[in-house]
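Got the model open in your viewer? Keep the selection box handy and follow along, one stop at a time.

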Amino acid sequence: MASDTSFQHTYSIKGGDFINAGESSCEVRNTLKNLGIEPNIVRRVAIASYEAEMNVVMYANEGTMRFMVTPREIRIIVRDSGQGIPNIKRAMQPGFSTATKEMREMGFGAGMGLPNIKKNADVFTISSTKGKGTVLEITIFLNNHHE
Amino acid sequence: MTLDKISELLNADMLWTGNTRGIDIQVAKASDLMSDVLTFSGPGKLLITGLTNKHTIHTCEIAGIQAIIFVRGKKPSAEMIELGKKNKIFLFASNLSMFETCGILYTNGIKGVQIHQKNT
């Protein structure tokens, strides 16, 4: 896999940093556009990435977001250290949210974050340990490489 | 519908001046919650919102939304306007409520977005 990787980068994300929140995902979007990736794929990656990045900012202490682009797929791995998700099934339900009043006032907390990630991913896995953190793995296939 | 026509219908001010030629808005979505906005699928959309922070611009950039109408007399900051300009997202401000804005645009032919389809 590493030999055919055309782009990879790992971003650090700080929990509670609403000033810079979302900028890594915007940078990724621009990079993918510059790589000539098809616009609909760029949009799906950007939405999944943005939702994942905002989840780290809102709910974790810190995290990393790793991007890998190969000729067949784009992978995003987001790891955070934080409170974890006690009930993943419930968190995946559209509309379920534990956002605070302050987060909602900033426009977040619609309860669509994880459902939006799943909707835009071809493959999506999530694992979480209470009190330790959460790992998301998102794969979006490039055209003609669906498995 | 052109952005000039939308601006005229809503009596909305354009917050930065750019070339809007070639932009044809057919569908729109109204929300103050950004994850709701990201359920948009497809490019070429208009967002109607009362949320004036820079996450509104980031969200539209991510979702490929071309223009924002800020309603209820809300005015974005100079920093937001610069961010919109940098990302070629056209910004308008209207004193109308979100309900009135949606009603006027809908009766003039703008449709809502299908939000439950898979983004393909």
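Start with a term you'll need all the way through: a residue is buried if 20 or more other C-beta atoms lie within 10 Å of its own, exposed if 12 or fewer, and partly exposed in between, with C-beta atoms placed from the backbone. Keep in mind that this is a predicted model, where local features need pLDDT of at least 70, side-chain atom pairs count only at pLDDT 80 or more, and totals for chains, interfaces and linings use all residues. For your selections, residues are numbered from 1 along each chain as its sequence is written, while chains are lettered from A and ligands numbered from 1 in the order in which they are written.

**Stop 1: A:Val56**

Select A:Val56, which sits in helix α2 of chain A. Helices (H or I, at least four residues) and strands (E, at least two) are DSSP runs here, numbered from the N terminus. Is A:Val56 buried or exposed? A:Val56 has 30 other C-beta atoms within 10 Å, so it is buried. Now show its contacts; two residues are in contact if their C-beta atoms, placed from the backbone, lie within 7 Å. Leaving aside neighbours within four places in sequence, A:Val56 touches A:Ile13, A:Gly15, A:Gly63, A:Val78 and A:Asp80. Then draw a distance to A:Pro71: 15 residues along the sequence, yet 28 Å away in space, C-alpha to C-alpha.

**Stop 2: strands of chain A**

Next, select β3 (73-82) and β5 (133-141) of chain A, which pair in the antiparallel sense over nine bridges. Two strands pair if DSSP finds at least two bridges between them. Add β4 (123-129) of chain A, which runs antiparallel to β5(A) and is joined to it by seven bridges. Click on A:Gly133 in β5(A): A:Ser81 stands opposite this glycine, and so does A:Thr129. The hairpin of β4(A) and β5(A) has three residues between the strands, and there A:Gly131 takes a positive phi near 85 degrees.

**Stop 3: α5 of chain A and the interface**

Move to α5(A), a mostly covered helix with six of its eight residues buried. Those to highlight are A:Gly113, A:Leu114, A:Asn116, A:Ile117, A:Lys119 and A:Asn120. What covers them includes α2, α3 (88-91), β4 and β5 of chain A, together with α2 (34-37) of chain B.

That last helix takes you across to the other chain. How many residues of chain A are in contact with chain B? There are 20, and they meet 19 residues of chain B. On the chain A side, the elements giving two or more residues are α1 (23-34), α2 (39-59) and α5 (113-120). α2(A) gives the most, with seven residues. Color that side by class and you get nine nonpolar, six polar and five charged residues. Here Ala, Val, Leu, Ile, Met, Phe, Trp, Tyr, Cys and Pro count as nonpolar, Asp, Glu, Lys and Arg as charged, and the others, Gly among them, as polar.

**Stop 4: chain B as a whole**

Hide chain A and look at chain B, with its five helices and six strands. From the N terminus, the elements run α-β-β-α-β-α-β-α-β-α-β. The radius of gyration of chain B (taken over C-alpha atoms) is 13 Å, close to the 14 Å from the globule rule (2.2 Å times the number of residues to the power 0.38) for 120 residues, so chain B is as compact as a globular protein of that length. Buried residues make up 45% of the 120.

Now select the strands: they form an open sheet in the order β1-β5-β4-β3-β2-β6, with mixed pairing. β1 (13-14) and β6 (111-112) stand at the edges with a single partner strand each, so one side of each is left without a neighbour in the sheet. Zoom in on β2 (27-30) and β3 (45-49) of chain B, which run parallel and share four bridges. B:Lys29 has B:Leu47 in β3(B) as its bridge partner.

**Stop 5: α1 of chain B and two loops**

Select α1 (3-10) of chain B, whose buried residues are B:Leu3, B:Ile6 and B:Leu10. Look down the axis: these residues fall within an arc of 55 degrees (using directions from the helix axis to the C-beta atoms), so they line one face of the helix. They pack against β4 (65-70), β5 (90-93) and α5 (98-107) of chain B. The face turned away carries the exposed residues B:Asp4, B:Lys5 and B:Glu8.

Step on to B:Asn11, in the loop between α1 and β1 of chain B. B:Asn11 has a positive phi of about 50 degrees although it is not a glycine, and with 10 C-beta neighbours inside 10 Å it counts as exposed. Finish at B:Arg72, in the loop between β4 and α4 (78-86) of chain B. Phi of B:Arg72 is positive too, near 60 degrees, and with 16 C-beta neighbours inside 10 Å this residue counts as partly exposed.
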